[in-house]
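Here is a colleague's note, written as numbered points, to be read slowly with the structure open beside it.

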Amino acid sequence: MALSLHLSLSHKNFSNPFASFSPTTKLPTTIHINSHLLKSIHSKPYYIKKCHAVADAPTAIPPSLDAEDDAHGVLIGPSSEEERRGDGAVVDYNWTEEWYPLYLTKDVPDDAPLGLNVFDKQLVLYKDGQGELRCHEDRCPHRLAKLSEGQLIDGRLECLYHGWQFEGEGKCVKIPQLPANAKIPQSACVKTYEVKESQGVVWVWMSLKTPPNFKKVPWFENFARPGFQDTSTIHELPYDHSILLENLMDPAHIPISHDRTDWTAKREDAQALRFEVTERTHRGFAGRWGKEKDQKLLSFLRFQAPCVLSNDIEFADEKGVTQYFTGLFLCRPTGQGKSMIIVRFGATKRPQMAKVIPKWYFHQNACKIFEQDMGFLSSQNEVLMKEKVPTKELYINLKSSDTWVAEYRKWMDKVGHGMPYYFGHNTIYLPEVPAVVEHAPAGLVAGVSASSPAKGGIGTMHAPNVNNRYFRHVIHCKGCTSVVKNFQAWKNALSAISVALTALAILASGRQWKTFLLVSASLCLAGVYACSTAIAMNTTNFIRTHRRL
C-alpha cells in the first residue's frame, strides 16, 4: 500500500511528503509439519502444478513452478547457489533482542495508560509523574488484570481491580487491602521493559534477559536534515505484520489498487518495473527500483530488522539544490493476524499546497489507502494460515513487480526460527498457541464513559469494531481526536443556533427580518452539513463504488 501514491515513479512528485540460538530455538525445516498438517496432506488433493492436473494423494508438498512454466524468464528464481541446492543459510536470531516501534511520542496520552502488543506480549505504556516514559508487562501480579485498564494517580500506575499502585521501576508501592503494619511483598512487582524515544518515535527493547543494545535503535538520516518536515500517522490493521510489509514494499500494486486516490496513481500507468538488489545481510536487504525504461533508478529501498522499511529519494530542484524525500514505515507485530504501523512521509522541500491543507485531511487519506488494500490483505492472511505451506508454493513472483516481496520472505527463511512464528519463502513455522480473540480489548470497554477517545471513549456513533477507522486511527491520534471532537461541538452549536433562528423567523413580523433570520438559519444548516461531512471523513471506512449497496 503505502509506498503508495506518494512514491510515484515520476520524480516530479518526490517533493510531496504527504501525497542468536537459544536452548528453545526452533530449527526450521523445509516445512514445519505437525500431525494436523500430515493428516490434511493425506485427506485432500494438492496441485502438483498451479492450474494443472490434480494429483489424487500426493505424499509431499508440491514443487514450485519449473522451467516449463517460466519459458520467458519472468519469474523470480533462486538468488544464490545455496538456495538452488536447497541449502538455505540460517543465522542466529532472537526476536526479543530488537527495538520495536511502539507509538508516536506526540500521541502518547499524558494522563492515561496505553495498552499495546508486540507479538503476543502485552505491554502498558504511560508517562510517570516526571513525564518520563515507562513500559511494563500489561498484567497486575495480584490477579492478572490489565494495568492498561487502570489509571494514573500522582504519576503511579494503578490497577483498577483492587487499587494496587506501581511506580516507574515496576515496584508496588501501595496495596489498599494490606494490614497497617504489613510490608508489601517483594514479589508484588511488574516486569519492566526498556523504552527509548528517538526522532519522535517511542521504541521498546523486548528482552528481559539481555541488556538493551542502544546501537540497534534505528536512525534515519533524512529526518535529521535541516528543514526536513514530515507528516506522521499511526494505524492498527487486521492482518499479519509480514503481509503488511509485503504490501508496503510492492510499488506495482499502486496504480491499480489506489487508482485516482490522488494525482500520482493512475491504472493506465501500471507497467513493468526494474529492481536492483545491492545488499543482502542477516539484518535485511536494500536496493534501487524504478520503471523498467528508466536509465537511472531514483528510489532506494531498505528493509532492516525487525520491521523497518524506508524508501529514500534524492533529486535536484529547479535551482539545482539537492532535495531529500523519505517514505518511512515502522511496522509492529501485535499478534496473529494483527499489526500496527507508523507511517511517516517527509521531505526537505514541501509544496505550497501542503502548507494550507489541514493535517487531518492527509490522515484520513492515509486511512483510505489502507482500507483500499484491507480486503485483499486480510484474505491473504487467511489463506496463509489455512494452507500451512511456504509462500513459494502459493505465490507467483514476477521479476518485474515482486522482487522485494521475494527478498523479504527469503530473509524470513534465515531468521524466522528466532520468531514466535513466520512464513518464509522456503520454510515456515506455525504459531504454537492459537490466537485469542479479546471480546473486551484494553481501553475500549472500561473507557466507554471516558470523555477523551485517547482513554478509550467510544461515543454512541462509533461501534467497537477494530476494523472501524475510528478505532484503527482516530483514538491513537491526538490531532484527529481533537478534530472530531471540535467538529462535533461546532455541529451541535450550529444545529442549536439554526433552530433558534428558525423560531425567531416564525415570530418576527417584518419581512426583512424573516428573510435575514431564515438565510442565517440556512447558513448554519450548511455549516452542520459541512461538520457532519468532516466527521464522516475521519470516522467512516472507504468502500469501493462497485461494493456499495
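How much surface does the protein chain expose, and what share of it do carbon and sulfur atoms supply?

1. The model discussed here is a predicted one. In it the protein chain exposes about 27,300 Å², and carbon and sulfur atoms supply 55% of that area. The chain has 549 residues, of which 48% are buried, and its fold contains 10 helices and 19 strands.

2. Begin with the interior. In soluble globular proteins, nonpolar side chains tend to be buried together. Here the largest nonpolar core holds 77 residues, and the members that touch the most others are L102, Y103, V118, L125, V204, M249 and I341. V204 is a useful one to select on screen: leaving aside residues up to four places away in sequence, V204 touches E98, W99, Y100, L102, V118, L123, C135, Y193, E194 and V195. Apart from this core there is a second, separate one of 14 residues, with L152, L157, C159 and F166 among them.

3. Helix α7, which runs over residues 403-415, deserves a careful look. Of its 13 residues 12 are buried, so the helix is largely enclosed by the rest of the structure. The buried residues include nonpolar ones such as W404, V405 and M412, but also charged ones, among them E407, R409, K410 and D413. The length of α7 can be checked as well: at 1.5 Å a residue the helix should span 18 Å, and its end C-alpha atoms are 19 Å apart, which agrees.

4. One of the charged residues in α7 has a partner. Side chains of opposite charge can pair when their charged atoms come close. R409 and E246 meet in a salt bridge, with 2.7 Å from N to O, and the pair links helix α7 to helix α3 (residues 241-248) across 163 residues of sequence. Are these two residues buried or exposed? E246 has a relative accessible area of 6% and R409 has 1%; since buried means under 20%, both residues count as buried.

5. Another salt bridge joins R472 and E371, whose closest N and O atoms are 2.3 Å apart. R472 lies in helix α8 (residues 469-472) and E371 in helix α6, so the pair ties together parts that are 101 residues apart in sequence. R472 is buried, with a relative accessible area of 0%, and E371, at 8%, counts as buried too.

6. A further salt bridge involves a strand: K127 pairs with D110, the closest N and O atoms being 2.8 Å apart. K127 sits in strand β3 (residues 121-127), whereas D110 is in the loop between β1 (99-104) and β2 (114-118), 17 residues away in sequence. K127 is buried as well, with a relative accessible area of 18%. The count of salt bridges comes to 19, and D128, E132, R134 and E169 are linked in a network of them.

7. Finally, turn to the outside. Which residues make a nonpolar patch of about 230 Å² on the surface? They are V74, I396 and L398. I396 is placed in the loop between α6 (359-387) and α7, and its relative accessible area of 47% makes I396 partly exposed, because that class lies between the limit of 20% for buried and the limit of 50% for exposed.

Notes:
Residues are numbered from 1 along each chain as its sequence is written. This is a predicted model: local features need pLDDT of at least 70, side-chain atom pairs count only at pLDDT 80 or more; totals for chains, interfaces and linings use all residues. Side-chain values use heavy atoms; hydrogens and water are left out. Patches are made of residues with over 30% relative accessible area and no salt bridge: like charges are joined within 9 Å, nonpolar side chains (Val, Leu, Ile, Met, Phe, Trp, Tyr) within 5 Å. Accessible areas come from the Shrake-Rupley method with a 1.4 Å probe; for residues, only the protein chains shown count as cover. A salt bridge is a side-chain nitrogen of Lys or Arg within 4 Å of a carboxyl oxygen of Asp or Glu. Helices (H or I, at least four residues) and strands (E, at least two) are DSSP runs, numbered from the N terminus. Buried means under 20% relative accessible area, exposed over 50%, partly exposed in between (1.4 Å probe, protein chains only). A nonpolar core is a set of buried Ala, Val, Leu, Ile, Met, Phe, Trp, Tyr and Cys residues joined through side-chain atoms within 4.5 Å. Contact means heavy atoms within 4.5 Å. The expected span of a helix is 1.5 Å times one less than its number of residues.
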